[in-house]
Amino acid sequence: MLSVHLKQLRFKGFHGIHPEEKVAGAEFEINIDIHTHVTNVRHLSDTIDYVTVYELVKKRMATPTPLLETLAKEMAESILAQFSIAESVDIQIDKINPPIAYFQGRVGIRYQSKRT
């Protein structure tokens, strides 16, 4: 099995349910693992192009969305649609410094999807 990883992708976005998130925005970190059963890779067309994956994620992050779960699900669906060799996608999205009083750290979700 071959896996392609995109790690610690950083974006500013306006995702969330709280009014201040829609105005001030927040920083997000995204980690993506894409798995395929392809083992004989000789050309870029034989594998998952991480530049294309990054562009899909960047485009989706530009659209404000109330729930991180929705973002991750739609990103996974886009990746599976774009790459027929992708068997599964694992996406983790962390909101860095969420707007929670006296909170230090980050919150996030993890979404896993398999081709059916």
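Select D94 first: in this predicted model, D94 is buried, at 9% relative accessibility. Next, add R106 to the selection. The side chains of D94 and R106 form a salt bridge, with an N to O distance of 3.3 Å. This pair connects distant parts of the chain, since D94 belongs to strand β3 (residues 86-96) and R106 to strand β4 (residues 106-114), twelve residues apart. R106 is partly exposed, with a relative accessible area of 36%, whereas D94 counts as buried.

Keep both residues displayed and add R10 and E29. Salt bridges with shared partners join R10, E29, D94 and R106 into one network.

Now move to helix α2, residues 50-61. The helix has twelve residues, and the distance from its first C-alpha to its last is 16 Å, close to the 16 Å expected at 1.5 Å a residue. At its N-terminal end, select D49, which caps α2: a side-chain oxygen of D49 lies 3.0 Å from the backbone nitrogen of V51.

Which residues of α2 are buried? Select V53, V57, R60 and M61 to display them. A view along the axis is useful here. These residues lie on the same side of α2, because they cover an arc of only 100° around the axis. To see what this side meets, display β1 (2-13), β2 (26-36) and α3; the buried residues of α2 pack against these elements.

From this set, retain R60 and add E74. Their side chains meet in a salt bridge, at 2.7 Å from N to O. Here again the partners come from distant parts of the chain: R60 lies in α2 and E74 in helix α3 (residues 68-82), 14 residues apart. Is each partner buried or partly exposed? R60 has a relative accessible area of 15% and is therefore buried, the cut-off being under 20%. E74, at 32%, is partly exposed.

Remain on α3 and select K73 and E77. The side chains of these two residues form a salt bridge of 2.5 Å, N to O. Both K73 and E77 lie within helix α3, four residues apart, or about one turn of the helix. K73 counts as partly exposed at 37% relative accessibility, and E77 is also partly exposed, at 40%.

To conclude the tour, display every salt bridge together. How many salt bridges does the model contain? The count comes to eight, among them the pairs D94 and R106, R60 and E74, and K73 and E77.

Terms used
Residues are numbered from 1 along each chain as its sequence is written. This is a predicted model: local features need pLDDT of at least 70, side-chain atom pairs count only at pLDDT 80 or more; totals for chains, interfaces and linings use all residues. Side-chain values use heavy atoms; hydrogens and water are left out. A salt bridge is a side-chain nitrogen of Lys or Arg within 4 Å of a carboxyl oxygen of Asp or Glu. Helices (H or I, at least four residues) and strands (E, at least two) are DSSP runs, numbered from the N terminus. Buried means under 20% relative accessible area, exposed over 50%, partly exposed in between (1.4 Å probe, protein chains only). The expected span of a helix is 1.5 Å times one less than its number of residues. The arc is that of the directions from the helix axis to the C-beta atoms. Contact means heavy atoms within 4.5 Å. A polar contact is a pair of N or O atoms within 3.5 Å; within protein, one must be able to donate a hydrogen and the other to accept it, and residues adjacent in sequence count only if both atoms are side-chain atoms.
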